[in-house]
Structure formats: C-alpha cells, structure tokens
Amino acid sequence: MFENYSHKKKFIGLAVLLVLLFFAANKRSFKVTKNAYVQMKEVKEKLEFMQNSNLDSKELQRQMNLYDNLIGKQDIQPDVAQQSILDFATRYGDVEIDELSETHFSNEKGFDIITNQLTLQGSYSALSKVVYDYEKKFKISSLIGVSYIKEKNYNRKKSKLKVLLIFQNYEKSI
C-alpha cells in the first residue's frame with residue numbers, strides 16, 4: 001500500500017504521525033504528570049509552611065512561659081493571687097505570717113500593676129528557704145523585692161528576724 005509513495009512523502013507522513021502522537025501523549029500523560037508535579041510542589045510548600053508555623057507557635061508558647069515566669073501569670077484575679085501567696089506561705093511550719101498588706105493597684109504605660117506585700121517571721125535559714133522557694137516554685141506572681149528586717153525588743157532583750165516580700169502581677173490595660 002505504501003509502495004506508491006516516495007520516501008519524501010513517507011517521511012512527511014511519519015513526521016505528521018509523530019507530531020500527532022506527541023500531542024496525544026502530551027494531552028493524556030505528560031500534561032497530567034506536569035499538573036501532578038505542580039500540585040505536589042504546592043502541597044510540599046504548604047506542608048513546610050505548616051511545620052514552620054507549628055515551630056513558630058511552639059517558640060511563642062516557650063516565650064510566653066518565660067515571660068510568665070519573669071513577670072507572673074496573666075489573667076489572675078488579685079484576690080486569687082493574694083490567697084495563693086498566703087497558701088504557699090502556710091506550707092512552711094517554721095515561719096509565721098506577720099503581716100499581709102492590702103493589695104495595691106497602679107497603672108503605668110498601658111499595664112495594670114497589682115502589688116502584694118507579705119511579711120514573714122522566723123529564723124534566717126527558714127526565711128531564706130521560703131524566699132528561695134517563692135522565687136523558684138511560685139508561678140502565680142513574680143517576686144520582685146526581698147528585704148530582711150531585724151526588730152529588737154529592748155524590754156525583753158530579744159530580736160525578731162522578718163522578711164518583707166513584694167509580689168507583682170502585670171495585666172495589659174484595655
């Protein structure tokens with residue numbers, strides 16, 4: 001059947017047939033593969049973005065925990081903070097609560113500052129242990145001031161050692 005055609009016509013026919021097969025293969029296979037590759041690349045980028053945002057959120061949570069440790073927890077009611085301070089002090093049998101001052105409120109540069117003062121009485125080692133534990137283990141408020149006070153009673157010729165602890169919580173003003 002093809003004997004009647006010259007080599008030139010056979011070559012042109014074969015070239016046209018190859019071009020048609022190329023377009024058919026492109027439409028059926030190569031185009032689908034290219035689209036799948038593009039979608040896979042987009043999904044990988046989204047996955048990488050999600051993993052990075054997850055790491056960013058973990059980093060933000062770590063920073064929030066660090067700031068909570070430095071300045072005290074957020075969203076704590078003042079009376080709950082004061083009660084927590086008292087509850088923590090009552091865990092130690094060798095110190096006595098001498099005085100608990102009224103909670104002081106102030107506002108500075110967009111922050112509400114809540115200050116509590118507690119005075120404890122006892123021996124130096126017991127008071128030092130309580131101060132250390134307030135600093136390391138107490139997470140409700142931040143211990144910002146410690147002052148040891150020695151009071152002499154001249155009538156009885158005895159001395160009492162006290163420690164004044166100052167706690168603060170910060171809240172963002174609305």
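This report covers confidence, strand pairing and one helix contact in a predicted model.

**Confidence**

The chain has a mean pLDDT of 84. Of its residues, 93% reach 70 or more. Two elements mark the ends of the range. Helix H1, residues 7-71, has the lowest mean pLDDT among the elements of the chain, at 81. Helix H3 has the highest, at 92. Where pLDDT is low, the predicted coordinates should not be read in detail.

**Strand pairing**

Three antiparallel pairings are listed here, each with its bridge count.

| Pair | Sense | Bridges |
|---|---|---|
| S2 (residues 104-108) and S3 (residues 111-122) | antiparallel | 5 bridges |
| S3 and S5 | antiparallel | 11 bridges |
| S4 (residues 142-153) and S5 (residues 158-172) | antiparallel | 11 bridges |

Strand S5 pairs with S3 and also with S4. Strand S3 pairs with S2 as well as with S5.

Individual bridges fix the register. Between S2 and S3, histidine 104 has threonine 115 in S3 as its bridge partner. Between S3 and S5, glutamine 121 stands opposite lysine 162 in S5. Two positions serve for S4 and S5. Valine 146 has leucine 165 in S5 as its bridge partner. Asparagine 153 stands opposite lysine 158 in S5.

Two of these pairings are hairpins. S2 and S3 form one with 2 residues between the strands. In that turn, lysine 109 has a positive phi of about 50°. S4 and S5 form another, with 4 residues between them. There, lysine 157 in the turn has a positive phi of about 60°.

**Helix contact**

Two packed helices are described by the angle between their axes and the distance between the axes. Helix H2 spans residues 78-89, and helix H3 spans residues 124-137. They pack at an angle of about 130°. Their axes are 11 Å apart. The angle makes H2 oblique to H3, because angles over 145 degrees would count as roughly antiparallel and 65 to 115 as roughly perpendicular. The crossing of H2 past H3 is right-handed.

Which residues meet where H2 touches H3? From H2 come Ile85, Phe88 and Ala89. From H3 come Asp133, Tyr134 and Lys137. By class, this contact has 4 nonpolar and 2 charged residues, with no polar ones. H3, on one side of this contact, is also the element with the highest mean pLDDT.

Note on methods:
Residues numbered from 1 in each chain as written. Predicted model: local features only at pLDDT ≥ 70, side-chain atom pairs only at ≥ 80, totals over all residues. Heavy atoms only, no water. Axes fitted to C-alpha atoms, helices over the stretch in contact; angles between N-to-C directions. Parallel < 35°, antiparallel > 145°, perpendicular 65-115°, else oblique. Left-handed = near helix turned anticlockwise from the far one by under 90°. Contact = heavy atoms within 4.5 Å. Nonpolar A, V, L, I, M, F, W, Y, C, P; charged D, E, K, R; others polar. Pairing = 2+ DSSP bridges. pLDDT = per-residue confidence, 0-100.
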